[in-house]
Amino acid sequence: MKPRIFLSYPHLGGGEMKWIEEAFKESWVVPLGPNVDEFEARLEKYLGANNVVALSAGTAALHLGLVMLGVEAGDEVICQSFTFSASANPVKYQGAKPIFVDSESDTWNMSPDALESAIIDRKKITGKYPKAIIPVHLYGMPSKMNEILAISKKYNIRVLEDAAEALGSEYYGKKCGTLGTYGALSFNGNKIITTSGGGALICPDKSSADRVLFYATQARESRPYYYHEVVGYNYRLSNISAGIGCGQMDVINEHVERRREIHNLYSELLKDIPQVSLKENPSDSFKSNFWLSCIIIDPSSGVTPEEARQKMNAENIETRWLWRPMHMQPIYKDAPYYGGDVAESLFNKGLCLPSGSTMTDADVERVVSVLKEILKK
Ligand SMILES: *Cc1c(COP(=O)(O)O)cnc(C)c1O
């Protein structure tokens, strides 16, 4: 059996241990310290943005983003349906109600039309506007942020970008995560960079970043005894994990570039398979990091995504279904949904191909040749 090709394998640069050893030498084995400060500084430089707060997970970043936008019990929050559950669950943590909207077919992300219909209809039904909008840059592809931000401005509803999969992606020359009021990043094991687990919230200014830090460290007021005026969280990144992050920032450019190369190679090799279409940037203004390269398999091929997944797996190649939309999830079966069947139809026809930056060209060629065999049936 040939070695397994994973969907997205952690890719270490080699420099990570130095930071961890430093932390051990100084006993900085706590959720603050020099590695956390350095990791934030490196992220800020990379993103071209200030006020980045390192947190324990991307999910924690999304949660604190909602807290900062004042989302409370009884509020409604509009969220892209086609995403991972962690985009929407923090809405529930706040006791608020998620309103799901469909995707559009250029980016597979939030449809600006469905977004505006949802806003207008919710106002009609509840008498007030939703409190926040969560677009997701799925698989690294930037959402149509110009349109979404114009709607956000028109109705005065702020945007929390879920950029968990989009570290390094660019939209009109700006990094994803820096376009909305807040932006959430993830450094989980299979994302663009890993800190084993971790995330960050990109904040609009110093005072909001300070407030996020306050919430992330149990919301302790500055008094000599423990005194709390609001409910806090234990969401700060550990100094050990941040050390891994510092090392990862040394190699981030190469790793993002490698994902794009892998995508380009797929693009070239899949060209002559008419039953398969690879998700591409819709124009030069969109620059995906291609966290995962995804395909749509034409149903006329007679091959379903599940059949392809199983056959690839038998050849020791890991692939994955596209995200099952939130409005099709049992936990969200009662949530209102606006739009058509774009997300659902992508889910029914799509597949994520192995895309990790550890992959060789030969790995990509192996994936494509197995895929070709499967489609020959
Ligand atoms: C991974 C991911 C998250 C959550 O990030 P964690 O660091 O795993 O908590 C949120 N949204 C999307 C779209 C993700 O892919």
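Visitor: What makes Trp 28, Val 30 and Leu 32 a nonpolar patch on the surface?

Guide: Together these three residues have about 240 Å² of accessible area, a value from the Shrake-Rupley method with a 1.4 Å probe, where for residues only the protein chains shown count as cover. Patches are made of residues with over 30% relative accessible area and no salt bridge; nonpolar side chains (Val, Leu, Ile, Met, Phe, Trp, Tyr) are joined within 5 Å, and like charges within 9 Å. Leu 32 has a relative accessible area of 46%, so Leu 32 passes the 30% cut-off for a patch.

Guide: Two notes before we go on. This is a predicted model, in which local features need pLDDT of at least 70 and side-chain atom pairs count only at pLDDT 80 or more, while totals for chains, interfaces and linings use all residues. Residues are numbered from 1 along each chain as its sequence is written, and side-chain values use heavy atoms, with hydrogens and water left out.

Visitor: Where is Leu 32, and is Leu 32 buried, partly exposed or exposed?

Guide: Leu 32 sits in the loop between α1 (16–25) and α2 (34–47); helices (H or I, at least four residues) and strands (E, at least two) are DSSP runs, numbered from the N terminus. Buried means under 20% relative accessible area, exposed over 50%, and partly exposed in between (1.4 Å probe, protein chains only). At 46%, Leu 32 is therefore partly exposed.

Visitor: How do you know whether Met 359 is buried or exposed?

Guide: The relative accessible area of Met 359 is 5%, so Met 359 is buried. This residue lies in the loop between β14 (350–353) and α11 (361–375). Leaving aside neighbours within four places in sequence, Met 359 is in contact (heavy atoms within 4.5 Å) with residues including Ile 5, Arg 258 and Tyr 266.

Visitor: And why is Ser 293 called buried?

Guide: Ser 293 has 0% relative accessibility, so Ser 293 counts as buried. Its place is in strand β12 (residues 293–297). Not counting residues up to four places away in sequence, Ser 293 touches His 263, Tyr 266 and Leu 351, among others.

Visitor: What makes Lys 25 and Glu 22 a salt bridge?

Guide: A salt bridge is a side-chain nitrogen of Lys or Arg within 4 Å of a carboxyl oxygen of Asp or Glu. The closest N and O atoms of Lys 25 and Glu 22 are 3.5 Å apart, so the pair fits the definition. Because they are three residues apart in helix α1, about one helical turn separates them. Lys 25 is exposed because its relative accessible area is 62%, whereas Glu 22, at 39%, is partly exposed.

Visitor: Which residues form salt bridges with Arg 42?

Guide: Glu 38 is one partner, with the closest N and O atoms 2.7 Å apart. Being four residues apart in helix α2, Arg 42 and Glu 38 are separated by about one helical turn. Asp 250 also pairs with Arg 42, at 2.9 Å between the closest N and O atoms. That second pair links distant parts of the chain, 208 residues apart: Asp 250 is in helix α8 (residues 239–270) and Arg 42 in helix α2.

Visitor: What joins Glu 38, Arg 42 and Asp 250 into one network?

Guide: Salt bridges that share partners join them. A search of the whole structure finds 20 salt bridges.
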